[in-house]
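Visitor: Hey, got a minute to walk me through this one? I'd like to go over the fold, the contacts and the surface.

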Amino acid sequence: QLQAELSQQRQVIQELQETRRLQAEESESIDDKITKLQKADLGLGGALDSAWLCLCGALVMFMHAGFAMLETGSCRAKNASNVLMKNLVNVCAGTLGWWSIGWALAYGEQHGNGFIGT
């Protein structure tokens, strides 16, 4: 009877040690949790920055279309296609300029100069 009780106690101790080991593996330190939250915040900030940039880009395109209509309405009918083509070239050149230079100036790495990038 004593050996049966001893083996039962050993089994209980072994189960408790196993539970304790699993708890120790699952628990994260507070620093790990803070790091995860900061990474999630940066991901959300980047997503919101991109969404804001897309919205502003769409508004600029609508602005160009509206200004093209204003200019076309202010000139003679024979010059309307030239005015619209001028506005289309303006949008294309501005888009290529933003793609090639503007993005790097606005969102590029700083490299310690404090002027280019964010």
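**Cysteines first**

Guide: Sure, starting with a cysteine: Cys-56 counts as partly exposed, because its relative accessibility is 26%. Keep in mind that this is a predicted model.

Visitor: And how exposed is Cys-92?

Guide: Cys-92 has 41% relative accessibility, so it counts as partly exposed too.

Visitor: How many disulfides turn up?

Guide: A search of the whole structure gives 0 disulfides.

Visitor: Why is there no bond from Cys-56 to the closest cysteine sulfur?

Guide: Distance. The closest cysteine sulfur to that of Cys-56 belongs to Cys-54, and at 9.5 Å it is too far for a bond. The cut-off for a disulfide here is sulfur atoms within 2.5 Å.

Visitor: OK, zooming out. What does the secondary structure come to?

Guide: The chain has 3 helices and 0 strands. Going along the sequence, the pattern reads α-α-α.

Visitor: How much of the chain counts as buried?

Guide: 8% of the 118 residues. Val-83, in helix H3, is buried, with a relative accessible area of 15%. The cut-off for buried is under 20%.

Visitor: What sits across from Val-83, say Ala-68: how far apart are the C-alpha atoms?

Guide: The C-alpha atoms of Val-83 and Ala-68 are 7.2 Å apart, while the two residues are 15 residues apart along the chain.

Visitor: Switching to charges. How many salt bridges does a search of the whole structure find?

Guide: There is 1 salt bridge. Its partners are Lys-86 and Glu-71, whose side chains meet at 3.4 Å, N to O. Lys-86 belongs to helix H3 (residues 80-107) and Glu-71 to helix H2, so the pair ties together parts that are 15 residues apart in sequence.

Visitor: Is Lys-86 buried, exposed or partly exposed?

Guide: Partly exposed, because Lys-86 has 47% relative accessibility.

Visitor: Now pockets. What volume does the largest pocket have?

Guide: The largest pocket comes to about 270 Å³.

Visitor: Which residues line the largest pocket?

Guide: From the lower numbers, the lining takes in Leu-53, Cys-56, Gly-57, Val-60, Met-61 and His-64. Asn-90, Val-91, Gly-94, Thr-95, Trp-98 and Trp-103 are also part of the lining. H2 and H3 are the elements that give two or more residues to it. Cys-56 from our opening chat is therefore a pocket-lining residue that counts as partly exposed.

Visitor: Last topic, the surface. Which residues form a nonpolar patch there?

Guide: Trp-52, Leu-55 and Leu-59, which together have about 350 Å² of accessible area.

Visitor: Where is Trp-52 placed?

Guide: Trp-52 is in helix H2, which covers residues 30-73. Trp-52 counts as exposed because its relative accessibility is 56%, and the cut-off for exposed is over 50%.

Key. Residues are numbered from 1 along each chain as its sequence is written. This is a predicted model: local features need pLDDT of at least 70, side-chain atom pairs count only at pLDDT 80 or more; totals for chains, interfaces and linings use all residues. Side-chain values use heavy atoms; hydrogens and water are left out. Patches are made of residues with over 30% relative accessible area and no salt bridge: like charges are joined within 9 Å, nonpolar side chains (Val, Leu, Ile, Met, Phe, Trp, Tyr) within 5 Å. Accessible areas come from the Shrake-Rupley method with a 1.4 Å probe; for residues, only the protein chains shown count as cover. A salt bridge is a side-chain nitrogen of Lys or Arg within 4 Å of a carboxyl oxygen of Asp or Glu. Helices (H or I, at least four residues) and strands (E, at least two) are DSSP runs, numbered from the N terminus. Buried means under 20% relative accessible area, exposed over 50%, partly exposed in between (1.4 Å probe, protein chains only). On a 1 Å grid over the protein atoms alone, a cavity is a set of points where a 1.4 Å probe fits but cannot get out, and a pocket is an open set with protein on both sides within 12 Å along at least five of seven lines; lining residues have an atom within 4 Å of a point. Grid points are joined across faces, edges and corners, and a volume is the space filled by probe spheres set on the points.
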